[in-house]
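Reader: I should be grateful for a close look at a single part of this model, namely its largest pocket and the core packing that may be described alongside it. Please set out the account in connected prose.

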Amino acid sequence: MCGRIVSLLPIDAMAQLFAAQPDNNLPDVPNYNVCPTNSIHVVTGGPDEPRRLTSMRWGFIPRWYKKPNGGPLLINARSETIAEKPAFRDAARQRRALVIASGFYEWTKTPEGARDPWYIQPASDDLIAMAAIWQYWTNAEGEQLRTCAIVTTAANETMRKIHHRMPVILNREDWPLWLGEAGHGAATLMRAANDELLRFHRVDRAVNSNRASGPSLIEPIET
């Protein structure tokens, strides 16, 4: 599962790191509470396409939806079934992308049912590139919207302390294969990251609100 992300890296630094041409309509950074249906930073590419740093709606909209909320909100796509689900299978073969994040949030429940948030980030303080799929959705007026979902897999030992699922996080050397620049075999990348890749700490419940903002959201609290 991945339900909120954090985006802190300046746009020019993102473009340089991924060797991607940036679009002009990218979301503002920093953003400490990026929520589903928000626009997020995505890198696209392909065998005959230059890499682009672009903006997409976080929430994949199948073509048969009559409106963006015409069915379940599809922010994640399970790696185990992505090639079979009608909503995802074409995109998994043809339209793969990288979602750029500095970290993400996950939640645990207390015995009383309260939701305690945790901030997960790379142990090396590096950026996270999450595997994603995308597609255009066209509304009744013929206007196109680019939408995406983050690919998830079974959690590694580190993440299982918080949640049984985690995003597929790709190493830099695997970016070309996932984007389709390096031939076939992207399915082999849909696995959990090494246990040493991530670290996490508890943060304040303020982030439980999708209206919360600011750097205090990722600051550790005493547990």
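**The largest pocket and the nonpolar cores**

Author: The lining of the largest pocket is made up of seven nonpolar, four polar and two charged residues. The model is a predicted one, and in it this pocket has a volume of about 270 Å³. Thirteen residues line the pocket, and those closest to its centre are A92, R93, R96, A186 and A187.

Two of these residues, A92 and R96, reappear in the surroundings of I133. Leaving aside neighbours within four places in sequence, I133 is in contact with A92 and R96 and also with F60, A77, I82, F88, A91, R95, T147, C148, A149 and V151. I133 is itself prominent in the largest nonpolar core, which has 35 residues: together with F18 and W178, I133 touches the most other members. Several elements give two or more residues to this core, namely the helices α1 (11-17), α2 (89-94) and α3 (175-179) and the strands β7 (96-101), β10 (128-138) and β11 (144-154). A second core, separate from the one just described, has 27 residues, and W58, A97, F104 and W118 are among them. As a general matter, nonpolar side chains in soluble globular proteins tend to be buried together.

C148, one of the contacts of I133, deserves a further remark. C148 counts as buried because its relative accessibility is 0%, below the 20% limit for that class. The cysteine sulfur closest to that of C148 belongs to C2 and is 11 Å away, so the two are too far apart for a bond. The structure as a whole holds zero disulfides. C35 is likewise in no disulfide, the nearest cysteine sulfur, that of C2, being 11 Å away. With a relative accessibility of 7%, C35 also counts as buried.

Some features of the loops complete the description. In the loop between β8 (103-109) and β9 (115-122) lies T110, which is buried at a relative accessible area of 15%. Beyond residues up to four places away in sequence, T110 touches D116 and R205. V29 and P30 are joined by a cis peptide bond, with omega about 0°, and P30 lies in the loop between β2 (21-22) and β3 (31-34). A19, in the loop between α1 and β2, has a positive phi of about 50° although it is not a glycine; A19 counts as exposed, at 60% relative accessibility.

How values were computed: Residues are numbered from 1 along each chain as its sequence is written. This is a predicted model: local features need pLDDT of at least 70, side-chain atom pairs count only at pLDDT 80 or more; totals for chains, interfaces and linings use all residues. Side-chain values use heavy atoms; hydrogens and water are left out. A disulfide is a pair of cysteine sulfur atoms within 2.5 Å. Buried means under 20% relative accessible area, exposed over 50%, partly exposed in between (1.4 Å probe, protein chains only). On a 1 Å grid over the protein atoms alone, a cavity is a set of points where a 1.4 Å probe fits but cannot get out, and a pocket is an open set with protein on both sides within 12 Å along at least five of seven lines; lining residues have an atom within 4 Å of a point. Grid points are joined across faces, edges and corners, and a volume is the space filled by probe spheres set on the points. Ala, Val, Leu, Ile, Met, Phe, Trp, Tyr, Cys and Pro count as nonpolar, Asp, Glu, Lys and Arg as charged, and the others, Gly among them, as polar. A nonpolar core is a set of buried Ala, Val, Leu, Ile, Met, Phe, Trp, Tyr and Cys residues joined through side-chain atoms within 4.5 Å. Helices (H or I, at least four residues) and strands (E, at least two) are DSSP runs, numbered from the N terminus. Contact means heavy atoms within 4.5 Å.
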